[in-house]
Amino acid sequence: MSTAEGQQHPISVYLWIWGLLFVLSAFSYMVDYFQFQGLSRWSLILLFMFLKAGLIVSIFMHMAWERMALVCAILVPPGCLMVLIGLMFVEGDYTFFTRDTYFILK
Amino acid sequence: MASTTTANPEDIPSDGLESLIADWSSDQRAFKKVPWGKAMMWIFLLSDTFIFTCFLTSYMTVRTTTTVPWPNPSEVFALTIAGNHVPLLLIAIMTFILISSSGTMAMAVKFGYEKNRKVCAYLLIVTALFGASFVGMQAFEWTKLIVDEGVRPWGNPMGAAQFGASFFMITGFHGFHVSIGVIFLIITATKVWRGSIELGRPGFMTGRAGSYDMVETMGLYWHFVDLVWVFIFAFFYLW
């Protein structure tokens, strides 16, 4: 579908995704409104977040119809950000531990 | 002249792993049939992804390392409407506005490729208005936090001092992106409206002939702004 004529898809696709994004946003707002806590809170937040991000990137930004070469060039590099997040999470945990253990003034 | 073996465009595999290998091993350009403006916008957005992830990662780091309780965003961003205390109301409205602007933007791209000049321009203007109202609400939110609640980048009355620095940095950078996007939406809408793109005239700040690919490239930037907000909403406001 990605030709010189550009990305052309029926309008119903966009309206459907728009509606879905509304519903998913309402769900993530409900997570806070009804004060879910603990495991159910962050797992639901992450679930709705990834669903919304996936719909925006794949449909609104047309990633689902792009050439494999472009999809890989854009979606693979952020993988190293996962490493950064993992490292900083471990490091942050350690910093908190040392502060909690050795700081006199908390 | 030496004979050159130029691949027939019909021979290039159009999807799957074969197209990946064909594209990367080809000469002259890697992303066959992709307008270069779109490829460059994607690469810019990739770099922007790294910037925003660095912001959100540093926010995660200060939040996990502080021994002082983090201010509860649900309370900090609550609004009292007619005596009712509603948590995160303004943020929810801002989220819906940004999603709506993404919807109108996606349709503007579609009507652009259909050469429906007027509808495309109208939708771009509606998108810009949504964006401008988003920035307006953000200004209101910042004012409320700074003036009424005394939040500063170096401290606040509610808890961990890093709250203000993270908040102003992340939402400020995002709001800046929205503002720039609104400006470029107005420029794009003007070009579409007066037919510069349809007639292929050289446009604003460029000598290259206008084409409706430009609307799609504009759309990529705008959807990205919405995408970043999805992550900010989840990690900063809901977490």
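Me: How many Å separate the centres of domain 1 and domain 2 of chain A, taken over C-alpha atoms?
Reply: In this predicted model, the domain assignment of chain A gives domain 1 as residues 1-74 and domain 2 as residues 76-106. When the centres of these two domains of chain A are taken over C-alpha atoms, the separation is 29 Å.

Me: Which helix supplies the largest share of the side of chain B that touches chain A?
Reply: The contact draws 49 residues from chain B and 49 residues from chain A. On the chain B side, at least two residues each come from α1 (16-24), α2 (36-65), α4 (89-113) and α7 (213-238). The largest share there, amounting to 11 residues, belongs to α2(B).

Me: How many residues of the side of chain B that touches chain A are nonpolar?
Reply: Sorted by class, this side of chain B includes 14 polar residues and eight charged ones. The number of nonpolar residues on it is 27.

Me: Is α2(A) roughly parallel or roughly antiparallel to α7(B)?
Reply: Helix α2 of chain A, residues 39-60, packs with α7(B) at an angle of about 175 degrees, and their axes lie 10 Å apart. Because angles over 145 degrees count as roughly antiparallel, the relation of α2(A) to α7(B) is roughly antiparallel.

Me: How many nonpolar residues does the contact of α2(A) with α7(B) have?
Reply: Among the residues making this contact are A:Ile45, A:Met49 and A:Phe60 of α2(A), together with B:Leu227, B:Val230 and B:Phe231 of α7(B). By class, the contact of these two helices has one polar and two charged residues, while its nonpolar residues number 11.

Note on methods: Residues numbered from 1 in each chain as written. Chains lettered and ligands numbered in written order. Predicted model: local features only at pLDDT ≥ 70, side-chain atom pairs only at ≥ 80, totals over all residues. Contact = placed C-beta atoms within 7 Å. Helix = DSSP H or I, 4+ residues; strand = E, 2+ residues; numbered from the N terminus. Nonpolar A, V, L, I, M, F, W, Y, C, P; charged D, E, K, R; others polar. Axes fitted to C-alpha atoms, helices over the stretch in contact; angles between N-to-C directions. Parallel < 35°, antiparallel > 145°, perpendicular 65-115°, else oblique. Domains from an automatic or database assignment.
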